[in-house]
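Biologist: Could you take a close look at one part of this structure for me and walk me through how the pieces there meet?

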Amino acid sequence: MSTATAKRHKYRIGKMTFLDYTLLVVLIILSLMILIPFINVIAISFASQKEYADNPMMLFPKHPTLDAYKALFNDGRILTGFWNTLKILVVGLPLSLFLTSTMAYGLSRDKFPGKKIIFFLVLFTMIFNGGIVPLYLVMKSIHLTSTLWSVILVGSFSAFNMILMMNYFQGLPDSLMESARLDGAGEWRILFSIVLPLAAPIMATITLFYGVAFWNGWYDAMIFLRKADMLPLQNVLRTIIVESSTNVSNASSVDALNKTGFSTGMKMASVFVSMVPIMCFFPLLQKHFAKGVLTGAIKT
Amino acid sequence: MKPAALGPDKKLRVRSATPWYKEIWKHRMTYTLLIPGLIWLILFAYLPMGGLSLAFKHYKANEGIWGSPWVGFENFKYVFRDPTFAQAVWRTLYINIIKLIITFPFPILLALLLNELRMRKTKKLFQTVFTFPQFLSWIIVSGIVINVLSYDGLLNSTLQLVGLPTINFLGSEKMFLPMLILTDVWKSTGWGAIIFLAAISGIDQDQYESAQIDGASRMQQIFKITLPNILPTVTVMFILNVGGLMSAGFDQIFNLANAATQNVSQVLDVYIYRITFQSSTDFSFSTAVSLFRSLVNMVLLLAADRVAKLMGGDGLFR
């Protein structure tokens with residue numbers, strides 16, 4: 001082990017050459033290309049409408065003001081969006097973890113009749129689906145359209161996440177569960193009092209996967225929800241940004257929303273406030289998503 | 001033979017001799033664990049799949065999916081005769097193939113650049129910056145894009161300042177695809193580089209050592225060691241992307257299209273949305289289009305999976 005790290009170091013450590021500095025400069029330029037649009041958006045959100053008109057390229061407002069934010073929150077729609085997304089998360093996350101972990105644990109057990117068929121039923125949803133039209137009609141027939149439940153339920157199970165979790169459960173030592181079984185504990189008790197406490201890392205990863213999907217989701221809500229006061233954050237953002245910029249062709253069902261009256265500053269403020277939660281969780285997200293991608297897609 | 005070696009064999013025979021209903025009874029607890037998930041699958045995956053039968057029916061609102069009368073392949077006749085449908089299929093492939101070819105090398109290049117950087121901490125910082133946009137929805141990103149690329153936005157103002165002609169990124173049919181490529185590279189390159197970086201870090205360091213002893217330059221090391229070593233990963237990633245050609249890019253296209261680019265943005269998924277939820281709703285017709293899309297998608301995915309496995313990768317499903 002120590003020789004390997006020593007070798008690594010020998011390769012890594014060396015004098016900075018001209019090439020290294022060029023590389024550093026190139027990477028700095030590239031990261032500025034990522035960062036500057038963000039800085040510009042944030043700067044505009046804190047600038048007055050007049051300052052923006054004079055200098056749309058600004059990276060820092062000369063006279064920072066909270067006017068755009070005040071106007072945005074006075075309008076209130078973005079708050080409704082936050083509130084609805086919060087409701088979706090509070091109900092959707094426990095539900096999705098429940099559905100995913102029960103199925104993942106059940107399928108990680110020893111052979112039982114029908115196991116292969118059920119696993120195939122899950123896997124098949126990854127390669128084939130009915131598409132949005134039949135889903136909409138089914139949702140309508142069980143009277144869930146125009147309720148947040150439609151969005152919550154559709155998002156609360158994913159075959160990919162279930163398989164990740166199942167693989168993790170299969171890697172847990174069998175002896176613990178076996179001894180609990182001998183003590184007379186049922187499978188449900190074993191899942192909740194032995195397996196889940198052992199599976200904290202995968203639970204964290206899967207929670208973040210579902211969390212980001214719920215946070216960023218908008219398509220289901222656009223299809224199923226017809227009332228403006230029900231829309232989650234992303235859809236509110238869409239009405240503020242996309243549809244207000246002369247976007248008639250894609251206008252969704254939310255005609256009820258008044259599409260005018262948003263200044264550029266307010267639009268950028270709404271972009272920024274929707275980004276903040278992702279920014280707060282970003283270190284966690286980065287770590288767990290990288291792990292998920294690498295175990296889910298490719299091993300070298 | 002020793003009895004120990006006979007053990008598992010015997011056990012197997014005994015197990016298979018138990019009647020199936022006893023096996024099921026023995027595992028009854030496990031089945032109860034599967035019930036919640038199965039209910040979800042039936043309601044939100046398999047009922048809609050069954051609902052695809054609507055493609056062979058004439059939908060009547062008061063009879064619902066299951067009660068409407070069968071009409072055979074009639075809906076498909078209309079679908080395949082509809083020039084807008086053919087255009088949407090063609091447009092989907094056109095946009096996604098060109099996008100794939102142009103955007104695909106960027107994550108590899110970025111991974112190579114990051115890998116060559118010798119400062120560990122700085123590398124982490126760069127990676128954080130580059131991967132961040134991936135976690136934002138295309139709605140948030142389109143807010144940023146509209147701000148930066150619009151006529152009086154950051155980029156055009158800069159172009160004006162240095163005396164270059166301004167570009168109508170968002171409102172012209174000609175610029176639509178280049179704009180998609182530009183924004184996709186901006187959003188996804190950093191994230192895409194992660195897989196290639198992982199592949200690079202798995203390369204045996206001895207290869208570099210001996211190359212250095214032989215006096216190979218860093219460029220030579222990249223071309224003779226790094227690239228050949230990550231080639232399997234590159235191939236598999238490319239094939240997996242091919243598997244998504246029919247469905248890729250919907251979020252991006254839907255949120256960056258506008259009235260001026262209505263015609264060039266009509267990919268298959270956008271077409272399905274528009275005919276179902278915006279124009280007169282002939283659910284049978286749009287279900288027929290949906291079925292076509294799902295079938296083509298499945299064939300592409302399975303083919304990609306098969307080829308990826310042949311190439312020695314893990315494929316889509318492990």
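Modeller: Sure. Let's start with a term: two residues are in contact when they have heavy atoms within 4.5 Å of each other. This is a predicted model, and in chain B, if you take the contacts between residues at least 6 apart in sequence, 64% join residues at least 24 apart.

Now for the setting. Chain B has 16 helices and zero strands. Its C-alpha atoms fill a box of roughly 80 × 70 × 30 Å along the principal axes. The radius of gyration of chain B is 27 Å, whereas a compact globule of 318 residues would come out near 20 Å. As for burial, 51% of the 318 residues of chain B count as buried.

The part I'd zoom in on is a helix pair. Helix 13 of chain B covers residues 218–243 and helix 16 of chain B covers residues 283–310; their axes lie 7 Å apart, and the two pack at an angle of about 170 degrees. Anything over 145 degrees counts as roughly antiparallel, so that is what helix 13 of chain B is to helix 16 of chain B. The crossing of helix 13 of chain B with helix 16 of chain B is right-handed.

Who touches whom? On the helix 13 side of chain B, the contact is made by B:V236, B:I239, B:L240, B:V242 and B:G243. Helix 16 of chain B brings B:N297, B:L300, B:L301, B:A304, B:V307 and B:A308. Sorted by class, this contact between helix 13 and helix 16 of chain B has nine nonpolar residues, two polar ones and no charged ones.

Conventions
Residues are numbered from 1 along each chain as its sequence is written. Chains are lettered from A and ligands numbered from 1 in the order in which they are written. This is a predicted model: local features need pLDDT of at least 70, side-chain atom pairs count only at pLDDT 80 or more; totals for chains, interfaces and linings use all residues. Side-chain values use heavy atoms; hydrogens and water are left out. Axes are lines fitted to C-alpha atoms, for helices over the stretch in contact, and angles run from 0 to 180 degrees between N-to-C directions. Helices (H or I, at least four residues) and strands (E, at least two) are DSSP runs, numbered from the N terminus. Angles under 35 degrees count as roughly parallel, over 145 as roughly antiparallel, 65 to 115 as roughly perpendicular and the rest as oblique. A crossing is left-handed if the near helix is turned anticlockwise from the far one by less than a right angle, and right-handed if clockwise. Ala, Val, Leu, Ile, Met, Phe, Trp, Tyr, Cys and Pro count as nonpolar, Asp, Glu, Lys and Arg as charged, and the others, Gly among them, as polar. The radius of gyration is taken over C-alpha atoms; the globule rule is 2.2 Å times the number of residues to the power 0.38. Buried means under 20% relative accessible area, exposed over 50%, partly exposed in between (1.4 Å probe, protein chains only).
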